[in-house]
Amino acid sequence: MAVDRIDSVKGDSIEILLRQLGANKIQKVQGDLYFIKFLLDDNLEVMYTYNINAKNQYFLQRIMPYPLPQGAFSNEIKLVDFIRKDIEKFKEGLKSKYFDDYLETTAHAYKFIQQLDDFYLNYHVEEDSLASDSLSQISTTIDNLNKRLESLINHSKKID
């Protein structure tokens with residue numbers, strides 16, 4: 001009984017911190033499973049879910065606008081801090097005129113992952129049936145773009 005009370009207090013403290021960040025809705029489901037929703041503008045809802053696992057860690061996943069596991073956090077402060085930083089990134093992203101393109105791209109990537117999962121797990125797949133080279137090329141292209149952007153940012157900081 002004491003453990004349940006401690007978990008409840010932790011859940012309450014996380015809820016307070018998340019509401020201070022602007023969470024619009026926090027829903028507790030079945031013991032230690034939580035859903036948190038942020039409405040960042042008329043068109044963007046960012047939603048997370050977390051649960052307290054058997055190791056007494058907080059396992060976090062962003063579920064909207066696209067699913068992405070974030071991992072386990074050792075305490076509620078680290079969990080809330082990660083969510084705060086993630087929300088800040090989305091708020092910055094919203095300022096870009098290409099943000100809708102980004103969301104569309106992530107939707108296509110997620111659909112691709114679902115199709116790949118379905119393909120490999122439901123059918124006998126020969127080793128060379130998918131050209132992993134094309135996935136490697138996409139990854140390399142993204143890495144190169146990140147390096148160029150980092151270089152531009154570092155260069156602009158030196159000018160300032």
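**Group meeting: the sheet, its helix and a greasy patch**

Okay, so what you see here is an open sheet of five strands, in the order E1-E2-E3-E4-E5, with antiparallel pairing. The edges are strand E1 (25-29) and strand E5 (68-73), each pairing on one side only. From one strand to the next, the twist averages 20 degrees.

Before I go on, this is a predicted model, where local features need pLDDT of at least 70 and side-chain atom pairs count only at pLDDT 80 or more, while totals for chains, interfaces and linings use all residues. Residues are numbered from 1 along each chain as its sequence is written, and side-chain values use heavy atoms, with hydrogens and water left out.

Some terms: strands (E, at least two residues) and helices (H or I, at least four) are DSSP runs numbered from the N terminus, and two strands pair if DSSP finds at least two bridges between them.

Let's walk across. E1 and E2 run antiparallel, joined by five bridges, and Lys 25 stands opposite Lys 37 in E2. Then helix H2 (residues 76-94) packs on the sheet, touching E2, E3, E4 and E5; contact here is heavy atoms within 4.5 Å. The direction of H2 makes about 20 degrees with that of E4, using lines fitted to C-alpha atoms, for helices over the stretch in contact, with angles from 0 to 180 degrees between N-to-C directions.

Back to the strands. Strand E2 (residues 33-39) and E3 are antiparallel with seven bridges, and they make a hairpin with five residues between them. Phe 38 has Val 46 in E3 as its bridge partner. On the other side, E3 pairs antiparallel with strand E4 (residues 58-64) over six bridges, and Met 47 is partnered with Met 64 in E4. The hairpin of E3 and E4 also has five residues between the strands, and Asn 56 there takes a positive phi near 60 degrees.

So how covered is strand E3 (residues 45-52)? Mostly: six of its eight residues are buried, meaning under 20% relative accessible area with a 1.4 Å probe, protein chains only.

Last stop, the surface. Phe 112, Ile 113, Leu 135, Ile 138 and Ile 142 make a nonpolar patch of about 460 Å². Helix H3 (99-122) and helix H4 (132-159) each give two or more residues, with the largest share, three residues, coming from H4. Patch residues have over 30% relative accessible area and no salt bridge, with nonpolar side chains joined within 5 Å; a salt bridge is a Lys or Arg side-chain nitrogen within 4 Å of an Asp or Glu carboxyl oxygen.

Terms used. Patch = residues over 30% accessible without salt bridge, like charges linked within 9 Å, V, L, I, M, F, W, Y side chains within 5 Å. Areas by Shrake-Rupley, 256 points an atom, 1.4 Å probe, with all protein chains shown as cover. Buried < 20%, exposed > 50% of the residue type's maximum accessible area, 1.4 Å probe, protein only.
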